[in-house]
Structures are given as structure tokens and as C-alpha cells.
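Please find below a short note on this structure, written for a reader who is new to such models. It takes up the ligand and then the interface between the chains.

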Amino acid sequence: MPQTLARKIWDQHVVDGARGEPDLLFIDMHLVHEVTSPQPFAGLRLAGRKVHRPDLTIATTDHNTPTGPEVVDDLSRKQLEALDANCAREGIRLYKLGSRHQGIVHIIGPELGLTQPGMTIVCGDSHTSTHGAFGAIAFGIGTSEVEHVLATQCLPQRRLSDVFVNIEGKLPMGVTAKDVVVGLIAQEGVSGGQGHAVEYRGSTIRDLSMEGRMTICNMTIEWGARVGMVAPDDKTFAYLEPRRHAPKGKHWEEALDYWRTLSSDPGAESEREINIDASRLEPYVTWGTNPGQAVPITGRIPVPRDETAERALRYMDLKAGTAMQDIAIDRVFIGSCTNSRIEDLRLAADVVRGRTVHPRVRAMVVPGSATVKLVAESEGLDKVFRDAGFEWRDAGCSMCLGMNPDILAPGERCASTSNRNFEGRQGAGGRTHLVSPPMAAAAAIAGHLADVRELEPVAR
Amino acid sequence: MKPVSRVAGRMAPLAMADVDTDQIIPKQFLKSIERTGFGEFLFYDWRKRGDFILDRPEHRGARILVTGPNFGCGSSREHAPWAIQEAGYEVIIASSFADIFRSNCGNIGVPAITLPEAEVRELLDLALEAPETEAVVDLEKQSITAGALSFSFEIEPFLKERLRNGLDEVGLTMQKMDKIAAYEAGRPAWMPTVS
Ligand code: SF4
């Protein structure tokens with residue numbers, strides 16, 4: 001019987017299964033960070049258990065770390081120290097603050113070559129779906145599950161049903177992977193993907209870089225699906241080959257042979273198919289307090305159709321009918337596991353080059369990892385951003401969730417390349433508009449939400 | 001995990017859709033390295049704004065949280081169900097739950113029960129109009145009764161068993177360590193390791 005990509009990988013990982021019970025899945029890589037790990041480590045200790053496979057576990061600090069010279073507050077320091085002590089005791093490799101491999105957990109996995117096709121990957125973080133861009137089953141888990149994986153390297157899981165999202169056509173100028181996925185969420189709603197593993201396919205996906213594919217898989221959780229994936233191809237292999245943990249020599253050849261079998265068979269059936277014409281997409285901007293409340297930048301705020309939308313408009317202090325481009329902003333954040341890879345910074349820098357940040361706006365760039373930061377600096381991107389008036393910070397989650405001092409003040413409005421515009425996400429009372437990196441750059445320059453395709457040309 | 005089989009108490013009506021875990025427990029409380037201490041910060045920002053429905057005297061002390069679709073979306077933080085449990089809610093009823101949130105609830109022994117939207121609506125209306133009504137959620141019979149209302153619900157037999165016995169899931173998997181070892185022996189040599 002023809003099989004889907006997700007099914008093939010899943011079946012490879014079933015350690016034990018019985019009718020009516022969840023499958024016991026083996027986990028090939030477990031990513032750990034400081035916020036969702038202290039309790040599971042403590043739980044293990046209490047039960048007198050050890051980490052079963054420290055060699056399949058990697059840790060970093062990202063959520064709760066400063067991105068500048070700020071002093072770390074006591075509570076945060078305690079959490080960072082706890083991870084340090086836990087990793088030392090259990091023999092887990094930790095890339096902590098100051099390491100050249102430190103960074104957002106979903107950026108460093110692929111960067112180090114730890115994320116490979118055909119794997120199962122978990123992390124106590126919902127955006128683990130990012131790693132699916134390599135043709136892996138990757139999903140976010142809760143703290144109890146983190147403890148389960150630490151102790152056994154396995155997780156009991158119910159099989160997910162498949163959904164195919166077919167995206168065909170050439171992306172118009174100024175439209176990015178971020179716009180594809182935000183457009184999709186606007187169409188499907190924030191719970192449309194519940195219970196599903198999503199496979200993104202079609203010519204648009206094939207044409208996207210690995211970075212772009214990661215952006216799309218990353219935001220899969222924002223329409224309710226735990227797993228988002230793309231079948232691996234030559235682009236995937238080319239991205240992986242030079243990486244530190246990629247298989248080498250004979251192993252590389254063996255791995256390639258296997259990876260090339262990883263796509264859905266012709267005729268494989270999914271529970272549902274969604275078709276998207278990429279050539280008709282525009283840059284998207286959110287107006288509300290969930291990622292599905294989005295319209296093209298040329299659009300206006302819609303008339304609220306339900307209580308959720310009314311509540312969102314009240315919180316955002318916006319009125320139906322307002323043109324998106326008339327919304328003034330105070331802050332710009334370029335960063336997060338959605339959009340802080342090198343390609344994202346290049347796209348934003350291309351818009352910023354030769355221009356100046358609007359005087360009312362405070363804008364910052366937070367690279368996704370220490371490595372991204374170094375590469376960007378070697379290309380002179382830091383200078384482009386700084387010259388224009390952006391702050392250039394150290395790697396971390398930063399203002400994506402505002403656990404560190406990078407937060408919005410109450411009432412402040414931000415154009416952000418992150419993935420969640422929930423109430424208070426970037427700081428209590430703060431208001432977030434999700435956009436792509438070029439659109440964030442355009443907003444920083446214009447001082448309001450702006451159409452990157454219509455910026456005044458720079459005199460060069 | 002404490003076993004649960006029957007919960008009796010008043011219902012707390014939170015008639016909102018798409019409540020995300022950032023609202024259930026905001027990020028500033030995620031700095032703790034403890035497993036407890038989150039209950040008092042449940043829905044912190046909404047409660048701070050005043051007149052939050054669950055804080056009204058008639059809804060205090062309720063044990064059954066009734067809410068809108070897609071409850072618990074967003075961040076995977078298990079701190080969200082911890083806070084709900086610590087604040088005294090022993091079961092949550094909604095027309096749908098976000099996937100990760102629902103499994104987190106199962107793992108800590110808080111049944112997350114799904115009912116059709118119209119039935120949830122009736123429970124919400126009843127909790128608003130007659131907040132003193134005692135409701136009973138019976139896991140064994142898979143039923144909910146409140147006043148004149150009586151609904152039945154579906155639950156996976158495996159999850160039901162675990163909730164009723166308060167089973168330690170890690171312990172269950174550890175009994176299969178020989179199967180895990182056999183699987184590990186067959187993994188390809190080229191798969192990545194960190195050390
Ligand atoms: S960047 Fe934001 S969404 Fe991504 S892992 Fe960090 S906090 Fe979570």
C-alpha cells in the first residue's frame with residue numbers, strides 16, 4: 001500500500017505497540033532548554049532514575065538569556081545554573097551563554113547537523129515542528145513527556161492523521177515563506193490542524209531554501225498541528241553535508257540511500273488536502289491577538305465576526321476598516337525561531353541598506369544563534385543594521401516571548417518577525433503585529449506598517 | 001499522579017475561544033525551577049485587569065472549568081495545566097483542546113473532556129445562571145450531570161485506565177527496557193549522536 005512520508009518515519013520508530021494503546025516511539029534526538037527542564041530533571045532524581053541516552057540529548061540556553069550587557073536577574077540565573085548542574089551530572093552536552101554554538105534550540109539543531117531526515121525529534125517547546133523541514137517527525141512536548149524521554153528515550157504517542165498542503169506557483173516579489181504560512185493560517189484558522197501531521201508539498205516548497213521551509217514548518221503549530229514536514233531533496237542534502245554532525249564518508253552514502261526513500265509514495269492518501277496558489281499571495285500582517293487574524297498589507301481590518309475578534313480589537317486598540325498601512329508602530333523586532341536565520345537577516349538587510357529607522361521607532365535585530373551572528377557580521381550585515389539605527393544583539397529568544405529584559409512597554413506596538421501575537425506575549429499590554437523580515441524592516445523605516453514593495457527607492 | 005474517577009463540584013464558566021497558554025500562565029512565572037507555586041498566578045494578566053469572571057464570589061471554589069474551543073493553544077508549557085490544577089480545578093470541559101495541552105493534562109491527571117459545542121454552551125449557560133449548581137463528572141460512566149443536564153463523553157480507554165489508577169507512565173515504559181534495547185541495537189550507525 002502506498003505510504004505517506006510521516007507514516008514511513010513513524011513505522012521505523014515503533015518500539016512497541018498494541019491494539020488500543022499508543023505506540024511507543026523511539027526518539028532519535030531530544031533538545032533541552034532551561035525553561036522546561038528543571039522539573040523533569042528533579043523528577044528523575046526523586047525517582048532515582050538516570051538519563052538513558054545522554055548521547056542523544058543536547059542542551060542550550062535561549063529562552064531566558066540576556067541579549068545585551070544586562071545583568072541577569074536572580075531567578076533567571078538560578079534557572080540557567082540548574083541546567084548547567086543537571087547537564088554536568090547527567091553527562092549532557094550543553095551549549096550555554098558565551099559558547100559559539102549557543103542559540104535558539106530550533107536554530108542550532110539544523111545548524112549543527114543534528115537535525116536529519118527520517119529522525120524523530122522532540123523538545124519541550126511547541127515550535128519543535130521547525131525540524132520537520134528536513135523530513136523528520138518533530139514535535140513539541142510537555143514537561144512530563146520531557147521526563148519520560150530523559151528516562152527512556154521513548155514516548156507513547158498516538159498516530160497522527162496526514163494532511164497534505166500543496167503549494168504551487170512562483171512567489172511574487174516581496175512575498176516570503178512567512179507570508180505563505182501566515183496566509184495559510186488566516187485561511188485555515190488557529191485550530192484547523194488539530195490532530196494532524198502536515199506535509200507541505202508542491203513547486204513552491206521545492207523552490208524554497210531550507211531556511212524558508214523551516215519558517216513554514218515552524219509555524220505549523222500556530223494552526224494547531226503538532227507536526228509539519230517537507231520531504232528531503234538535494235537542497236536538504238546539500239545543506240546538511242558540511243555540518244558538524246552530518247554522517248561522513250561511507251555513512252554519508254548509506255544515509256543518502258535511505259533519505260532518498262523518504263517521500264510520500266504516489267497515490268498515498270491523506271485525510272485532507274489543501275491547495276494554495278502561491279502566485280496570488282501578498283505580504284501578510286496580523287491585526288489581532290492570534291496568528292490567524294491576518295490580512296494582506298494592502299487590506300483593512302475586517303469587521304469582527306465573533307467575540308474573539310472583538311476582544312482582539314479592544315486589546316489591540318484598533319478599529320474595523322482601518323487600512324493596515326495607517327497603523328503607526330513604536331518597536332520592531334527581527335528575530336525568533338521563525339525568522340532569525342542568516343537568510344532572514346539578509347532579506348531584512350537588503351531593505352534596510354542605505355535607509356534610516358524612523359525616529360519614533362526603536363528597532364532591534366536578535367540573531368537566532370551565536371553562529372548566525374558571526375556569519376552575519378562576516379558579511380557586514382551588523383553594520384548595515386547599526387548604520388540605519390537598529391540595535392544589534394546577542395542570540396536568544398529575546399522579545400519573541402519577553403522572558404528577558406527585551407520587552408514591550410504597556411501600549412507599545414511592535415512589528416515583529418516572531419510567531420505569536422497573543423495578548424502580552426512580548427510584554428504585558430504590548431501589541432504585536434506579525435510580519436516577514438523584509439516587512440519588519442520596511443515598518444522600521446516607515447514608522448508604520450508598510451508595504452515593502454512600495455518603499456521609496458534609495459539614492460545610491 | 002493522583003488517581004481520578006469522579007469529580008463533583010461547581011462549574012466555572014470561561015466562555016472564550018482560543019485561550020492560549022500565555023494567558024493561562026504568563027512567561028514571567030516560567031522562571032521558577034519548582035513544580036509548584038503556579039496556582040495563584042493562573043490567568044494573571046486578566047485577573048489583574050479586574051472583574052475577571054472566575055474571581056467573582058459565586059464562581060470561587062469551583063472544581064470544573066468549562067470553556068471554549070481550542071483551549072490551551074500556543075506554547076507547550078506544562079505550567080499551564082499545573083496552574084489550573086493547583087488553583088483547584090480538577091477537570092476541564094471544552095469543545096476542543098490544543099493537542100499538546102491535552103496530552104499535558106492527561107499526564108498530570110486532569111481529565112480534559114471534549115463535548116459538542118452545543119452541550120458546552122448549555123453547561124456554560126447553566127453555570128452563569130445558576131452558579132451554585134453541583135455538577136458531577138464520572139470518568140467510570142463517562143458522564144456529566146449538572147441540574148437537569150446529562151451528557152456522555154468519549155475517552156480513550158487507555159487514558160481512562162491511567163487516570164483512574166494514577167499510573168506512573170515512565171514506570172510503565174521502563175518495564176519495556178529490553179524492547180528498547182533491542183530497538184537500539186538495530187539503529188543505523190550513521191544516525192547522529194552528540195558525544
Ligand atoms: S524564539 Fe520564541 S517561539 Fe521560538 S523557541 Fe524561543 S520563545 Fe519559543
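The points below refer to a predicted model.

1. Position of the ligand. The ligand sits in the second largest cavity.

2. Surroundings of the ligand. Chain A supplies the residues listed around the ligand, including the histidines H63(A), H106(A) and H127(A) and the cysteines C337(A), C397(A) and C400(A). I104(A), D125(A), S336(A), L401(A), N419(A) and R425(A) also surround the ligand. By character, this shell divides into five nonpolar, five polar and two charged residues.

3. Extent of the interface. In chain A, 80 residues are in contact with 57 residues of chain B. The two chains bury about 5,500 Å² between them, and 56% of this area lies on carbon and sulfur atoms.

4. Polar and charged pairs. Between chain A and chain B there are nine salt bridges. A salt bridge joins the side chains of D73(A) and K31(B), with an N to O distance of 3.0 Å. Across the same interface, 36 residue pairs are in polar contact, both residues being at pLDDT 80 or more.

Note on methods. Residues numbered from 1 in each chain as written. Chains lettered and ligands numbered in written order. Predicted model: local features only at pLDDT ≥ 70, side-chain atom pairs only at ≥ 80, totals over all residues. Heavy atoms only, no water. Near = heavy atom within 4 Å. 1 Å grid on protein atoms, 1.4 Å probe; cavity = no way out; pocket = protein on both sides within 12 Å on 5 of 7 lines; lining within 4 Å. Sits in = over half its atoms within 2 Å of the grid points. Nonpolar A, V, L, I, M, F, W, Y, C, P; charged D, E, K, R; others polar. Contact = heavy atoms within 4.5 Å. Buried area = accessible area lost by both parts, 1.4 Å probe. Salt bridge = Lys/Arg side-chain N within 4 Å of Asp/Glu carboxyl O. Polar contact = N/O pair within 3.5 Å; in protein donor to acceptor, adjacent residues only side chain to side chain.
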